[in-house]
Amino acid sequence: MAIDIGGTKIAGALVHPDGTMTATTRRPTPRGVDAEGVMAAVAEVVADLSASPLWSSAVRCGIGSAGPVDTSRGTVSPVNIGAWRDFPVQERIAAELAARGAELPTVLAGDGVAMTAAEHWLGAARGHANALCMVVSTGVGGGLILNNQLHPGPTGNAGHIGHISVVFDGEPCVCGSRGCVESIASGTAIARWARDQGWTPSAGSGPGGTAGDATAAGVAAAAAQGDPIALAAFDRAGRALAAAIAASATLVETDIAVIGGGVAAAGDTLFGPIRSHLAQYATLSFVQELQVVPATLGTHAGLIGAAAAATMLLPPSAESASSA
């Protein structure tokens, strides 16, 4: 059983051992409500799943959520769900499951860790024993696979590459540090820097050729048309990402970095600079072959990742053990 909680939607599915999904359902994430109002939408997703004839076959539940998360306490404080601060989502979902006859072991994972589990199971990191996976979007998050095991760390935040400092005297980051990857390479940061340098969106810069797209997508479209400021914005972001990827690989010997998220949709506009700058930072012999590739699972990564995290982090079920 997989539940994926984000700022725009709350989704659920029953995920089979081969990664196929059934009984998929979703609700919009409520706005303008209190904590219980958001939880009510989660309960509706659980109720939908419980109507499936396969409900009784579920053996574990994975919960993927936007962060910050603290998996040691089972709590979340998502930046994009203001009503939840230190909300005990794992305990509350376990209670919803039990109320519907499914007393299952549950596990909570941040969205970057869930995406990492998904890409290692069925995506671009499949077959790699040591991998860094990243989400580059409004923020920059990530997760680690080490020795074929998901490595979330004590509170579920290991691999949070967005808050590695790559410019020691750089501008302040929202986290309180300086020069973090997220303050340079997130979609928000790319767009802000381009505008500060004098870039303005023009006709054709937005999706479908619409005017006035001042987001990173608009900057990417302008870069594809050769705009020098837009190209510089993505080169700057790519350099920051390359430095952090190389540092992480040097520290724990990963051999692949998988990048997903909205900014990664820019394709070679982002990946070209990352790969170009990587050679300056990944210089030691054991990281010189480091690959940087796009994520492959897209919108399915949240649910598949929640299921994969449950499989990787929870002990085998009695049913699985007896059939093995």
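This report describes the two sheets, several helices and the largest pocket of a predicted model.

## The sheet from β3 to β7

One open sheet has five strands in the order β3-β2-β1-β4-β7, and its pairing is mixed. The edge positions belong to β3 (21–28) and β7 (106–110), each of which has a single partner strand, so that one side of each is left without a neighbour in the sheet. From one strand to the next, the twist averages 15 degrees. Strand β2 (residues 9–15) and β3 run antiparallel and are joined by six bridges; within this pairing, Leu14 has Thr22 of β3 as its bridge partner.

Two helices pack on this sheet. Helix α3 touches β2, β4 and β7, and its direction makes about 100 degrees with that of β7. Helix α9 touches β1, β2, β3, β4 and β7, with its direction making about 125 degrees with that of β1.

## The sheet from β10 to β12

Another open sheet, again described as mixed in its pairing, consists of five strands in the order β10-β9-β8-β11-β12. Because β10 (149–150) and β12 stand at its edges with a single partner strand each, one side of each is left without a neighbour in the sheet. Strands β8 and β9 (residues 140–146) run antiparallel and are joined by six bridges, with Gly141 in β9 serving as the bridge partner of Val135. Helix α7 packs on the sheet through contacts with β8, β9 and β11, and its direction makes about 155 degrees with that of β8.

## Strand β11 and its neighbours

Strand β11 (residues 256–260) is mostly covered, with five of its five residues buried. The burial extends to both faces, since Ile256, Val258 and Gly260 lie on one side and Ala257 and Ile259 on the other. On the β8 side, the strand spanning residues 131–136 pairs with β11 in the parallel sense over five bridges, and Ala131 stands opposite Ile256.

The pairing of β11 with β12 (residues 291–294) is also parallel, over four bridges, and here Gln291 is the bridge partner of Ile256. Between these two strands the chain passes through helix α8 (residues 268–281), in a β-α-β crossover that is right-handed.

## Helices α5 and α6

In helix α5 (residues 187–196), the buried residues include Gly187, Ala189, Ile190, Ala191 and Ala194. Their cover includes α4 (182–185), α6 (216–224) and α7 (228–252). After α5 comes Gly198, with a positive phi near 105 degrees.

Helix α6 is mostly covered, as seven of its nine residues are buried, namely Ala216, Gly218, Val219, Ala220, Ala221, Ala222 and Ala223. These buried residues pack against α5, α7 and α8. Just after α6, Gly226 takes a positive phi of about 95 degrees.

## The largest pocket

The largest pocket holds about 1400 Å³ of space. It is lined by 46 residues, of which Ala66, Asp111, Gly112, Val135 and Ser137 are the closest to its centre. Val135 is thus both close to the pocket centre and the bridge partner of Gly141 in β9.

Two or more lining residues come from each of β1 (2–5), β4 (61–65), α3 (111–122), β9, β11 and α9 (301–313). Among these elements, α3 gives the most to the lining, with six residues.

How values were computed
Residues are numbered from 1 along each chain as its sequence is written. This is a predicted model: local features need pLDDT of at least 70, side-chain atom pairs count only at pLDDT 80 or more; totals for chains, interfaces and linings use all residues. Side-chain values use heavy atoms; hydrogens and water are left out. Buried means under 20% relative accessible area, exposed over 50%, partly exposed in between (1.4 Å probe, protein chains only). Two strands pair if DSSP finds at least two bridges between them. A crossover is right-handed if, with the strands pointing away from the viewer, the path from the first strand over the helix to the second runs clockwise. Contact means heavy atoms within 4.5 Å. Axes are lines fitted to C-alpha atoms, for helices over the stretch in contact, and angles run from 0 to 180 degrees between N-to-C directions. On a 1 Å grid over the protein atoms alone, a cavity is a set of points where a 1.4 Å probe fits but cannot get out, and a pocket is an open set with protein on both sides within 12 Å along at least five of seven lines; lining residues have an atom within 4 Å of a point. Grid points are joined across faces, edges and corners, and a volume is the space filled by probe spheres set on the points.
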